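Please read the following report alongside the sequence and the structure. It takes up domains, chain contact, sheet, cores and backbone in turn.

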Amino acid sequence: MVEAFDHPAGSIAAAKVGGAIGWQGTLLHIHIAPSASYEMEELAEAECVAGRGIVGDRYFNGSGTYSPKPDVREVTLIEQEALDALARNDPPLQEGPITLAPGDHRRNLTVIGVPLNHLVGRRFRVGEVILRGGRLNFPCRYLEELLGKSVFLPLYNRSGLNCGIERGGIIRPGDTIEMLGS
Amino acid sequence: MTARIIMKLHVESARMTTHDVVHLRLVHPLRPELPEWTAGAHVDLRMPDGKIRQYSLCGDPNDRSGYEIAVKREPAGRGGSRWVHDNLSVGAVAHVSAPRNNFSLVSGSKHTVLVAGGIGITPFISMARVLAMQGTEFILHYCAKTPTDAPLLHEVRKICESRLRCWFSKRGSRFDPAVISIDRPDTHVYVCGPERLVEAVRHGLPKLPDARFHGEMFTATLDENFNAEPFEVTIASTGQQLLVPADRSLLEVLRESGFSISSSCELGVCGSCECGYRDGIVIHRDKLLPVSKRQDRLLPCVSRARVSVTLNL
(Lines give C-alpha, C1' and ligand atoms only; values in the text may rest on other atoms or scores of the structure.)
Protein backbone atom coordinates (compact mmCIF):
# COMPACT_ATOMS: atom_id res chain seq x y z
CA MET A 1 0.00 0.00 0.00
CA VAL A 2 1.05 3.60 -0.58
CA GLU A 3 0.58 5.93 2.39
CA ALA A 4 -2.21 8.34 1.43
CA PHE A 5 -0.24 11.55 1.90
CA ASP A 6 2.79 10.09 0.08
CA HIS A 7 0.71 9.57 -3.06
CA PRO A 8 1.57 12.18 -5.73
CA ALA A 9 -2.01 13.48 -5.63
CA GLY A 10 -2.42 13.42 -1.85
CA SER A 11 0.95 15.01 -1.12
CA ILE A 12 0.37 17.96 -3.44
CA ALA A 13 -3.17 18.52 -2.17
CA ALA A 14 -2.12 18.27 1.49
CA ALA A 15 0.36 21.10 1.02
CA LYS A 16 -2.29 23.41 -0.38
CA VAL A 17 -4.92 25.33 1.54
CA GLY A 18 -8.45 24.17 0.78
CA GLY A 19 -11.02 21.50 1.43
CA ALA A 20 -14.69 22.06 2.02
CA ILE A 21 -15.59 23.00 5.59
CA GLY A 22 -18.82 23.25 7.52
CA TRP A 23 -20.26 19.96 6.31
CA GLN A 24 -21.23 16.83 8.17
CA GLY A 25 -22.09 13.58 6.48
CA THR A 26 -23.24 10.07 7.30
CA LEU A 27 -22.02 6.58 6.51
CA LEU A 28 -24.84 4.73 4.73
CA HIS A 29 -23.42 1.34 3.78
CA ILE A 30 -20.30 -0.77 4.28
CA HIS A 31 -19.39 -3.37 1.65
CA ILE A 32 -16.46 -5.73 1.26
CA ALA A 33 -15.58 -8.50 -1.19
CA PRO A 34 -13.46 -11.44 -0.04
CA SER A 35 -11.53 -11.68 -3.30
CA ALA A 36 -11.26 -10.15 -6.77
CA SER A 37 -14.52 -10.36 -8.77
CA TYR A 38 -16.52 -11.64 -5.82
CA GLU A 39 -19.85 -9.99 -5.23
CA MET A 40 -19.72 -7.30 -2.53
CA GLU A 41 -21.22 -8.23 0.85
CA GLU A 42 -22.87 -5.72 3.16
CA LEU A 43 -21.66 -5.46 6.74
CA ALA A 44 -23.46 -4.10 9.80
CA GLU A 45 -20.09 -3.14 11.24
CA ALA A 46 -16.52 -3.34 10.05
CA GLU A 47 -13.08 -3.26 11.58
CA CYS A 48 -10.67 -0.82 9.97
CA VAL A 49 -6.97 -1.48 10.50
CA ALA A 50 -4.56 1.45 10.17
CA GLY A 51 -2.26 1.09 7.19
CA ARG A 52 -4.05 -2.06 5.95
CA GLY A 53 -7.74 -1.81 5.20
CA ILE A 54 -11.10 -3.27 6.20
CA VAL A 55 -10.82 -6.72 7.74
CA GLY A 56 -12.10 -9.29 5.23
CA ASP A 57 -11.88 -7.05 2.18
CA ARG A 58 -9.89 -8.12 -0.88
CA TYR A 59 -7.45 -5.23 -0.50
CA PHE A 60 -6.91 -6.13 3.16
CA ASN A 61 -6.35 -9.74 2.09
CA GLY A 62 -4.10 -8.77 -0.83
CA SER A 63 -6.37 -10.63 -3.25
CA GLY A 64 -7.90 -7.67 -5.11
CA THR A 65 -7.74 -7.16 -8.85
CA TYR A 66 -5.27 -4.32 -8.36
CA SER A 67 -3.45 -5.69 -5.30
CA PRO A 68 -0.22 -6.31 -7.27
CA LYS A 69 -0.04 -2.58 -8.05
CA PRO A 70 0.92 -0.47 -5.02
CA ASP A 71 -1.53 2.37 -4.50
CA VAL A 72 -3.83 4.00 -1.95
CA ARG A 73 -6.79 1.67 -1.58
CA GLU A 74 -7.11 0.73 2.08
CA VAL A 75 -10.67 1.95 1.93
CA THR A 76 -12.68 3.44 -0.93
CA LEU A 77 -15.67 5.77 -0.63
CA ILE A 78 -18.37 6.97 -3.01
CA GLU A 79 -21.10 9.58 -2.66
CA GLN A 80 -24.74 8.53 -2.63
CA GLU A 81 -25.32 11.83 -4.44
CA ALA A 82 -23.23 10.57 -7.39
CA LEU A 83 -25.28 7.36 -7.54
CA ASP A 84 -28.48 9.42 -7.41
CA ALA A 85 -27.23 11.50 -10.33
CA LEU A 86 -26.59 8.36 -12.37
CA ALA A 87 -30.07 7.14 -11.55
CA ARG A 88 -31.63 10.36 -12.84
CA ASN A 89 -29.40 10.34 -15.97
CA ASP A 90 -27.69 13.56 -15.01
CA PRO A 91 -25.84 14.75 -17.03
CA PRO A 92 -27.54 12.96 -19.93
CA LEU A 93 -24.32 11.70 -21.53
CA GLN A 94 -25.21 8.04 -21.19
CA GLU A 95 -27.91 5.95 -22.84
CA GLY A 96 -30.29 6.39 -19.93
CA PRO A 97 -30.59 6.20 -16.16
CA ILE A 98 -28.16 3.77 -14.49
CA THR A 99 -29.12 2.21 -11.21
CA LEU A 100 -26.09 1.19 -9.17
CA ALA A 101 -27.09 -0.47 -5.93
CA PRO A 102 -24.70 0.12 -3.00
CA GLY A 103 -23.29 -3.38 -3.49
CA ASP A 104 -22.70 -2.88 -7.22
CA HIS A 105 -20.21 -0.03 -7.39
CA ARG A 106 -17.47 -1.98 -5.55
CA ARG A 107 -16.43 0.91 -3.29
CA ASN A 108 -16.34 0.05 0.41
CA LEU A 109 -18.27 2.92 1.92
CA THR A 110 -21.35 4.64 0.52
CA VAL A 111 -21.67 8.06 2.14
CA ILE A 112 -24.09 10.98 1.99
CA GLY A 113 -23.34 14.64 2.62
CA VAL A 114 -19.58 14.21 2.17
CA PRO A 115 -17.81 16.27 -0.55
CA LEU A 116 -15.33 13.53 -1.46
CA ASN A 117 -13.68 15.40 -4.35
CA HIS A 118 -12.57 18.06 -1.85
CA LEU A 119 -10.93 15.62 0.53
CA VAL A 120 -7.75 14.66 -1.32
CA GLY A 121 -4.92 15.53 1.07
CA ARG A 122 -7.38 16.03 3.96
CA ARG A 123 -8.04 14.13 7.18
CA PHE A 124 -11.57 13.32 8.20
CA ARG A 125 -13.27 10.92 10.55
CA VAL A 126 -15.86 8.20 10.06
CA GLY A 127 -17.12 7.46 13.56
CA GLU A 128 -13.98 6.68 15.54
CA VAL A 129 -11.86 5.93 12.48
CA ILE A 130 -9.62 8.60 10.92
CA LEU A 131 -9.09 8.50 7.16
CA ARG A 132 -6.69 10.36 4.88
CA GLY A 133 -7.79 11.22 1.36
CA GLY A 134 -5.08 9.89 -0.97
CA ARG A 135 -6.39 10.33 -4.48
CA LEU A 136 -9.58 10.54 -6.46
CA ASN A 137 -10.91 7.21 -7.55
CA PHE A 138 -11.50 6.73 -11.24
CA PRO A 139 -13.80 4.24 -12.89
CA CYS A 140 -12.28 1.20 -14.56
CA ARG A 141 -13.24 -0.96 -17.51
CA TYR A 142 -13.08 -3.95 -15.21
CA LEU A 143 -16.09 -2.59 -13.31
CA GLU A 144 -17.95 -2.14 -16.59
CA GLU A 145 -17.27 -5.75 -17.48
CA LEU A 146 -18.37 -7.08 -14.12
CA LEU A 147 -21.57 -5.06 -14.15
CA GLY A 148 -22.29 -5.38 -17.85
CA LYS A 149 -23.13 -1.65 -17.76
CA SER A 150 -21.37 1.29 -19.37
CA VAL A 151 -20.43 3.18 -16.23
CA PHE A 152 -17.02 4.54 -17.22
CA LEU A 153 -18.09 7.94 -18.52
CA PRO A 154 -21.04 8.37 -16.12
CA LEU A 155 -18.76 7.79 -13.12
CA TYR A 156 -15.95 9.94 -14.40
CA ASN A 157 -14.96 12.60 -11.82
CA ARG A 158 -17.45 11.30 -9.27
CA SER A 159 -16.14 7.82 -8.77
CA GLY A 160 -15.20 8.50 -5.16
CA LEU A 161 -12.07 8.72 -3.03
CA ASN A 162 -9.30 6.27 -2.18
CA CYS A 163 -8.17 6.64 1.40
CA GLY A 164 -5.58 5.45 3.84
CA ILE A 165 -6.52 4.61 7.42
CA GLU A 166 -4.67 6.78 9.95
CA ARG A 167 -6.47 5.48 13.03
CA GLY A 168 -8.30 2.16 12.96
CA GLY A 169 -11.45 1.13 14.78
CA ILE A 170 -14.99 -0.05 14.27
CA ILE A 171 -17.36 1.70 11.87
CA ARG A 172 -21.08 1.22 11.44
CA PRO A 173 -23.74 2.60 9.06
CA GLY A 174 -25.10 5.79 10.65
CA ASP A 175 -21.66 6.92 11.80
CA THR A 176 -20.99 10.66 11.47
CA ILE A 177 -18.38 11.77 8.97
CA GLU A 178 -16.67 15.11 9.41
CA MET A 179 -13.55 17.07 8.59
CA LEU A 180 -10.57 17.12 10.95
CA GLY A 181 -7.78 19.64 11.06
CA SER A 182 -4.44 18.79 9.50
CA MET B 1 -12.92 -11.84 -22.55
CA THR B 2 -14.80 -10.04 -19.95
CA ALA B 3 -14.55 -10.25 -16.19
CA ARG B 4 -17.51 -11.80 -14.47
CA ILE B 5 -18.89 -11.35 -10.99
CA ILE B 6 -18.59 -14.31 -8.62
CA MET B 7 -21.52 -15.04 -6.33
CA LYS B 8 -21.90 -17.25 -3.29
CA LEU B 9 -25.01 -19.22 -4.19
CA HIS B 10 -26.89 -21.67 -2.01
CA VAL B 11 -27.77 -25.18 -3.10
CA GLU B 12 -31.55 -25.21 -3.02
CA SER B 13 -31.95 -28.77 -4.26
CA ALA B 14 -29.64 -31.64 -5.16
CA ARG B 15 -30.99 -34.82 -6.67
CA MET B 16 -29.41 -37.71 -8.50
CA THR B 17 -30.75 -37.87 -12.03
CA THR B 18 -28.75 -41.02 -12.82
CA HIS B 19 -26.52 -43.14 -10.58
CA ASP B 20 -23.57 -40.79 -11.20
CA VAL B 21 -25.09 -37.43 -12.24
CA VAL B 22 -26.32 -34.92 -9.68
CA HIS B 23 -28.72 -32.16 -10.72
CA LEU B 24 -28.31 -28.99 -8.64
CA ARG B 25 -30.43 -25.89 -8.37
CA LEU B 26 -28.55 -22.85 -7.03
CA VAL B 27 -30.15 -19.67 -5.69
CA HIS B 28 -28.88 -16.37 -4.38
CA PRO B 29 -29.41 -15.83 -0.65
CA LEU B 30 -30.44 -12.18 -1.15
CA ARG B 31 -31.14 -11.39 -4.79
CA PRO B 32 -34.35 -12.72 -6.27
CA GLU B 33 -32.86 -12.58 -9.79
CA LEU B 34 -29.50 -13.87 -11.00
CA PRO B 35 -27.57 -12.37 -13.94
CA GLU B 36 -29.24 -13.16 -17.24
CA TRP B 37 -27.98 -15.81 -19.63
CA THR B 38 -28.71 -17.34 -23.00
CA ALA B 39 -29.12 -20.95 -24.07
CA GLY B 40 -25.78 -22.79 -24.21
CA ALA B 41 -24.13 -20.63 -21.53
CA HIS B 42 -21.96 -22.04 -18.74
CA VAL B 43 -20.87 -20.88 -15.31
CA ASP B 44 -17.56 -21.32 -13.54
CA LEU B 45 -17.67 -23.18 -10.26
CA ARG B 46 -14.79 -22.37 -7.91
CA MET B 47 -13.58 -25.02 -5.51
CA PRO B 48 -11.88 -24.19 -2.21
CA ASP B 49 -8.47 -25.31 -3.52
CA GLY B 50 -8.62 -22.81 -6.36
CA LYS B 51 -9.77 -25.24 -9.05
CA ILE B 52 -12.30 -23.80 -11.48
CA ARG B 53 -14.66 -25.96 -13.52
CA GLN B 54 -17.20 -25.01 -16.15
CA TYR B 55 -20.72 -26.39 -16.17
CA SER B 56 -23.44 -25.65 -18.71
CA LEU B 57 -26.63 -24.17 -17.34
CA CYS B 58 -29.43 -26.65 -17.95
CA GLY B 59 -32.43 -24.71 -16.67
CA ASP B 60 -34.73 -22.24 -18.38
CA PRO B 61 -33.08 -18.95 -19.49
CA ASN B 62 -36.38 -17.18 -18.75
CA ASP B 63 -36.30 -18.27 -15.11
CA ARG B 64 -33.70 -16.11 -13.43
CA SER B 65 -34.61 -17.15 -9.89
CA GLY B 66 -31.95 -19.88 -9.93
CA TYR B 67 -29.28 -21.65 -11.95
CA GLU B 68 -29.41 -25.37 -12.69
CA ILE B 69 -26.38 -27.51 -13.45
CA ALA B 70 -25.85 -31.26 -13.77
CA VAL B 71 -22.52 -32.76 -12.80
CA LYS B 72 -21.30 -36.25 -13.59
CA ARG B 73 -19.01 -37.87 -11.08
CA GLU B 74 -15.79 -38.64 -12.94
CA PRO B 75 -13.74 -40.95 -10.70
CA ALA B 76 -10.74 -40.62 -13.02
CA GLY B 77 -11.18 -36.89 -13.56
CA ARG B 78 -9.20 -33.99 -12.18
CA GLY B 79 -11.14 -33.90 -8.92
CA GLY B 80 -13.69 -31.15 -9.63
CA SER B 81 -16.70 -33.40 -10.06
CA ARG B 82 -15.80 -35.46 -7.01
CA TRP B 83 -15.71 -32.28 -4.94
CA VAL B 84 -19.15 -31.27 -6.25
CA HIS B 85 -20.66 -34.66 -5.44
CA ASP B 86 -19.08 -34.86 -2.00
CA ASN B 87 -19.74 -31.28 -0.88
CA LEU B 88 -22.67 -29.64 -2.66
CA SER B 89 -25.66 -30.94 -0.75
CA VAL B 90 -28.76 -28.89 0.08
CA GLY B 91 -27.80 -25.72 1.98
CA ALA B 92 -24.13 -25.79 0.93
CA VAL B 93 -22.55 -22.69 -0.58
CA ALA B 94 -21.19 -22.76 -4.13
CA HIS B 95 -18.96 -20.02 -5.55
CA VAL B 96 -20.38 -19.44 -8.99
CA SER B 97 -19.52 -16.90 -11.69
CA ALA B 98 -21.99 -15.00 -13.80
CA PRO B 99 -22.68 -17.00 -17.00
CA ARG B 100 -20.74 -16.77 -20.24
CA ASN B 101 -21.68 -18.27 -23.58
CA ASN B 102 -19.13 -19.88 -25.91
CA PHE B 103 -21.73 -22.23 -27.41
CA SER B 104 -24.68 -20.12 -28.41
CA LEU B 105 -27.37 -20.85 -30.96
CA VAL B 106 -26.90 -19.10 -34.28
CA SER B 107 -29.80 -16.72 -34.43
CA GLY B 108 -32.14 -16.86 -37.36
CA SER B 109 -31.24 -20.38 -38.44
CA LYS B 110 -34.37 -22.27 -39.42
CA HIS B 111 -33.28 -25.86 -38.88
CA THR B 112 -31.17 -27.10 -35.99
CA VAL B 113 -29.72 -30.53 -35.23
CA LEU B 114 -28.52 -31.18 -31.68
CA VAL B 115 -26.42 -34.24 -30.82
CA ALA B 116 -25.78 -35.00 -27.15
CA GLY B 117 -23.62 -37.73 -25.63
CA GLY B 118 -24.45 -38.49 -22.00
CA ILE B 119 -23.80 -35.50 -19.74
CA GLY B 120 -23.29 -33.49 -22.95
CA ILE B 121 -27.08 -33.07 -22.87
CA THR B 122 -26.81 -30.10 -20.49
CA PRO B 123 -26.43 -27.15 -22.91
CA PHE B 124 -29.09 -28.64 -25.18
CA ILE B 125 -31.77 -28.58 -22.50
CA SER B 126 -31.83 -24.78 -22.56
CA MET B 127 -31.34 -24.70 -26.35
CA ALA B 128 -34.23 -27.11 -26.94
CA ARG B 129 -36.44 -25.05 -24.64
CA VAL B 130 -35.67 -21.89 -26.59
CA LEU B 131 -36.09 -23.55 -30.00
CA ALA B 132 -39.38 -25.13 -28.92
CA MET B 133 -40.65 -21.82 -27.61
CA GLN B 134 -39.64 -20.01 -30.79
CA GLY B 135 -41.29 -22.71 -32.85
CA THR B 136 -38.01 -23.29 -34.73
CA GLU B 137 -37.62 -26.69 -36.34
CA PHE B 138 -35.10 -28.89 -34.53
CA ILE B 139 -34.22 -32.45 -33.67
CA LEU B 140 -32.27 -33.69 -30.66
CA HIS B 141 -30.28 -36.93 -30.88
CA TYR B 142 -29.55 -38.14 -27.36
CA CYS B 143 -26.90 -40.88 -27.04
CA ALA B 144 -26.42 -42.91 -23.85
CA LYS B 145 -25.81 -46.50 -22.84
CA THR B 146 -29.30 -47.08 -21.45
CA PRO B 147 -32.26 -44.86 -20.48
CA THR B 148 -31.17 -44.96 -16.86
CA ASP B 149 -27.73 -43.63 -17.87
CA ALA B 150 -29.26 -40.63 -19.67
CA PRO B 151 -29.24 -37.57 -17.36
CA LEU B 152 -32.47 -35.56 -17.17
CA LEU B 153 -34.15 -37.79 -19.73
CA HIS B 154 -37.59 -37.11 -18.30
CA GLU B 155 -37.17 -33.32 -18.68
CA VAL B 156 -35.68 -33.72 -22.15
CA ARG B 157 -38.69 -35.79 -23.25
CA LYS B 158 -41.10 -33.19 -21.95
CA ILE B 159 -39.33 -30.34 -23.71
CA CYS B 160 -38.67 -32.07 -27.05
CA GLU B 161 -41.70 -34.35 -27.38
CA SER B 162 -41.58 -35.86 -30.86
CA ARG B 163 -38.37 -34.02 -31.74
CA LEU B 164 -36.30 -36.36 -29.56
CA ARG B 165 -34.42 -39.40 -30.93
CA CYS B 166 -32.80 -41.57 -28.28
CA TRP B 167 -29.88 -43.85 -29.09
CA PHE B 168 -29.17 -46.39 -26.36
CA SER B 169 -26.07 -48.36 -27.33
CA LYS B 170 -26.63 -51.20 -24.86
CA ARG B 171 -30.05 -51.66 -26.39
CA GLY B 172 -28.54 -52.10 -29.80
CA SER B 173 -29.27 -48.67 -31.26
CA ARG B 174 -26.02 -46.86 -31.86
CA PHE B 175 -26.02 -43.33 -33.22
CA ASP B 176 -24.73 -42.92 -36.76
CA PRO B 177 -24.01 -39.39 -38.03
CA ALA B 178 -25.32 -40.51 -41.42
CA VAL B 179 -28.86 -40.06 -40.07
CA ILE B 180 -28.29 -36.29 -39.98
CA SER B 181 -29.63 -34.62 -43.07
CA ILE B 182 -27.76 -31.47 -44.00
CA ASP B 183 -29.30 -30.99 -47.40
CA ARG B 184 -30.97 -27.78 -46.34
CA PRO B 185 -28.60 -24.84 -46.64
CA ASP B 186 -29.61 -23.41 -43.26
CA THR B 187 -29.03 -26.50 -41.13
CA HIS B 188 -26.75 -25.95 -38.13
CA VAL B 189 -25.39 -28.95 -36.25
CA TYR B 190 -24.40 -28.75 -32.57
CA VAL B 191 -22.61 -31.57 -30.77
CA CYS B 192 -21.73 -31.83 -27.10
CA GLY B 193 -20.25 -34.86 -25.43
CA PRO B 194 -17.10 -36.97 -25.39
CA GLU B 195 -14.47 -35.99 -27.89
CA ARG B 196 -14.97 -39.16 -29.92
CA LEU B 197 -18.62 -38.26 -30.51
CA VAL B 198 -17.78 -34.69 -31.53
CA GLU B 199 -15.09 -35.98 -33.90
CA ALA B 200 -17.35 -38.72 -35.28
CA VAL B 201 -20.07 -36.23 -36.15
CA ARG B 202 -17.59 -33.77 -37.66
CA HIS B 203 -15.97 -36.48 -39.81
CA GLY B 204 -19.31 -38.04 -40.60
CA LEU B 205 -20.52 -34.81 -42.20
CA PRO B 206 -17.66 -33.81 -44.54
CA LYS B 207 -19.92 -31.65 -46.66
CA LEU B 208 -21.07 -29.52 -43.74
CA PRO B 209 -19.22 -26.18 -43.76
CA ASP B 210 -17.29 -25.36 -40.56
CA ALA B 211 -19.49 -22.32 -39.99
CA ARG B 212 -22.51 -24.60 -39.56
CA PHE B 213 -20.83 -27.09 -37.23
CA HIS B 214 -20.63 -26.28 -33.52
CA GLY B 215 -18.85 -28.71 -31.23
CA GLU B 216 -18.28 -28.40 -27.51
CA MET B 217 -16.22 -30.65 -25.28
CA PHE B 218 -15.05 -29.46 -21.95
CA THR B 219 -11.87 -31.42 -21.84
CA ALA B 220 -8.93 -29.97 -23.63
CA THR B 221 -6.94 -32.46 -25.63
CA LEU B 222 -3.40 -31.18 -25.44
CA ASP B 223 -0.93 -33.27 -27.37
CA GLU B 224 1.02 -35.37 -24.89
CA ASN B 225 3.98 -35.45 -27.25
CA PHE B 226 4.22 -31.67 -27.38
CA ASN B 227 7.69 -30.58 -26.37
CA ALA B 228 7.59 -27.13 -24.78
CA GLU B 229 10.54 -24.83 -25.47
CA PRO B 230 11.44 -21.62 -23.65
CA PHE B 231 10.66 -18.34 -25.42
CA GLU B 232 10.87 -14.62 -24.89
CA VAL B 233 7.96 -12.22 -24.54
CA THR B 234 8.04 -8.49 -25.18
CA ILE B 235 5.34 -6.27 -23.70
CA ALA B 236 4.37 -3.82 -26.45
CA SER B 237 3.43 -0.89 -24.20
CA THR B 238 6.62 -0.84 -22.13
CA GLY B 239 9.23 -2.82 -24.04
CA GLN B 240 9.64 -5.05 -20.98
CA GLN B 241 11.07 -8.48 -21.81
CA LEU B 242 10.22 -11.68 -19.99
CA LEU B 243 11.46 -15.23 -20.38
CA VAL B 244 8.96 -18.09 -20.35
CA PRO B 245 10.83 -21.25 -19.30
CA ALA B 246 9.88 -24.59 -20.84
CA ASP B 247 8.10 -25.74 -17.71
CA ARG B 248 6.02 -22.59 -17.14
CA SER B 249 3.01 -21.20 -18.97
CA LEU B 250 2.98 -17.75 -20.49
CA LEU B 251 0.05 -16.93 -18.20
CA GLU B 252 2.05 -17.85 -15.08
CA VAL B 253 5.00 -15.72 -16.14
CA LEU B 254 2.78 -12.72 -16.92
CA ARG B 255 1.08 -12.98 -13.55
CA GLU B 256 4.36 -13.18 -11.70
CA SER B 257 5.40 -9.98 -13.40
CA GLY B 258 2.37 -8.18 -12.02
CA PHE B 259 -0.05 -8.44 -14.93
CA SER B 260 -3.59 -8.99 -13.79
CA ILE B 261 -5.05 -11.44 -16.30
CA SER B 262 -8.24 -13.27 -15.54
CA SER B 263 -8.35 -16.97 -16.25
CA SER B 264 -10.60 -19.85 -15.57
CA CYS B 265 -10.05 -23.31 -17.07
CA GLU B 266 -6.34 -22.83 -17.84
CA LEU B 267 -6.81 -25.61 -20.37
CA GLY B 268 -7.39 -23.52 -23.47
CA VAL B 269 -11.13 -24.05 -23.64
CA CYS B 270 -12.84 -21.15 -21.87
CA GLY B 271 -11.11 -18.10 -23.36
CA SER B 272 -10.94 -16.04 -20.14
CA CYS B 273 -7.27 -15.18 -20.57
CA GLU B 274 -7.37 -14.29 -24.28
CA CYS B 275 -5.02 -11.49 -25.27
CA GLY B 276 -3.64 -9.86 -28.40
CA TYR B 277 -0.18 -10.30 -29.93
CA ARG B 278 1.94 -9.23 -32.88
CA ASP B 279 5.38 -10.01 -34.25
CA GLY B 280 5.91 -13.64 -33.50
CA ILE B 281 5.13 -17.21 -34.44
CA VAL B 282 2.60 -18.46 -31.94
CA ILE B 283 2.06 -22.14 -31.24
CA HIS B 284 -1.68 -22.18 -30.63
CA ARG B 285 -2.64 -25.04 -28.34
CA ASP B 286 -6.15 -23.97 -27.38
CA LYS B 287 -9.46 -25.47 -28.40
CA LEU B 288 -11.35 -22.21 -28.71
CA LEU B 289 -9.98 -19.54 -31.04
CA PRO B 290 -11.17 -19.81 -34.63
CA VAL B 291 -8.52 -19.61 -37.34
CA SER B 292 -9.63 -16.07 -38.15
CA LYS B 293 -8.63 -14.88 -34.67
CA ARG B 294 -5.38 -16.78 -34.40
CA GLN B 295 -3.56 -14.18 -36.47
CA ASP B 296 -3.51 -11.73 -33.59
CA ARG B 297 -5.07 -13.36 -30.51
CA LEU B 298 -3.79 -16.12 -28.25
CA LEU B 299 -4.65 -17.89 -25.01
CA PRO B 300 -1.59 -17.56 -22.73
CA CYS B 301 -2.69 -20.42 -20.46
CA VAL B 302 -1.69 -23.06 -23.04
CA SER B 303 -0.27 -21.35 -26.10
CA ARG B 304 3.40 -20.63 -26.58
CA ALA B 305 5.68 -19.06 -29.17
CA ARG B 306 8.69 -19.99 -31.24
CA VAL B 307 11.66 -17.98 -29.95
CA SER B 308 9.78 -14.75 -29.25
CA VAL B 309 6.45 -12.95 -29.37
CA THR B 310 5.24 -9.41 -28.66
CA LEU B 311 2.06 -9.09 -26.63
CA ASN B 312 -0.35 -6.17 -26.90
CA LEU B 313 -0.30 -5.47 -23.19
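In this predicted model, the centres of domain 1 of chain B and domain 2 of chain B, taken over C-alpha atoms, are separated by 23 Å. These two belong to a division of chain B into domain 1 (6-97), domain 2 (111-216) and domain 3 (231-311). Where domain 1 of chain B meets domain 2 of chain B, the former contributes 19 residues to the contact and the latter 16 residues, and between them they bury about 1,300 Å², with 63% of that area on carbon and sulfur atoms.

A contact also joins the two chains, and it takes 14 residues from chain B and 13 residues from chain A. The area buried there is about 1,100 Å², of which carbon and sulfur atoms give 50%. On the side of chain B, the residues that lose the most area to chain A are Ala3(B), Ile5(B) and Ile6(B), which together account for 43% of what that side buries. The table sets out the areas of both contacts.

| Contact | Buried area | Share on carbon and sulfur atoms |
|---|---|---|
| Domain 1 of chain B and domain 2 of chain B | about 1,300 Å² | 63% |
| Chain B and chain A | about 1,100 Å² | 50% |

Chain B also holds an open sheet of 6 strands, in the order β4-β3-β6-β1-β2-β5, with antiparallel pairing. Because β4 (52-56) and β5 of chain B stand at the edges and have a single partner strand each, one side of each is left without a neighbour in the sheet. From one strand to the next, the twist averages 40°. Within this arrangement, β3(B) and β6(B) pair in the antiparallel sense over 2 bridges, and Arg46(B) stands opposite His95(B), a residue of β6(B).

Which residues have the most contacts inside the largest nonpolar core? That core has 37 residues, and those with the most contacts inside it are Leu100(A), Leu45(B), Tyr67(B), Ile69(B), Val84(B), Leu88(B) and Val96(B). At least two residues of the core are supplied by each of α3 (80-87) and α4 (141-147) of chain A, as well as by each of β1 (6-16), β2 (21-27), β3 (42-46), β5 (67-72) and β6 (93-97) of chain B. The largest share, 4 residues, comes from α4(A). When its neighbours within four places in sequence are left aside, Val96(B) is in contact with Ile5(B), Ile6(B), Met7(B), Leu9(B), Leu26(B), Val43(B), Asp44(B), Leu45(B) and Tyr67(B). A second, separate core of 28 residues includes Cys58(B), Leu131(B), Leu140(B) and Cys160(B).

The backbone of chain A has some further features, and two of them fall in one loop. Asn89(A) lies in the loop between α3 and β6 of chain A, and its phi is positive, at about 60°, although Asn89(A) is not a glycine. Asn89(A) counts as buried because its relative accessibility of 19% is under the 20% cut-off. Pro91(A) is likewise placed in the loop between α3 and β6 (109-112) of chain A, and the peptide bond that leads to Pro91(A) from Asp90(A) is cis, with omega near 0°.

Is Ser37(A) buried or exposed? With a relative accessible area of 12%, Ser37(A) is buried. Ser37(A) is found in the loop between β1 (25-32) and β2 (41-43) of chain A, and its phi is near 75°, a positive value in a residue other than glycine.

Definitions and conventions
Residues numbered from 1 in each chain as written. Chains lettered and ligands numbered in written order. Predicted model: local features only at pLDDT ≥ 70, side-chain atom pairs only at ≥ 80, totals over all residues. Heavy atoms only, no water. Core = buried A, V, L, I, M, F, W, Y, C linked by side-chain atoms within 4.5 Å. Buried < 20%, exposed > 50% of the residue type's maximum accessible area, 1.4 Å probe, protein only. Contact = heavy atoms within 4.5 Å. Pairing = 2+ DSSP bridges. Axes fitted to C-alpha atoms, helices over the stretch in contact; angles between N-to-C directions. Domains from an automatic or database assignment. Buried area = accessible area lost by both parts, 1.4 Å probe.
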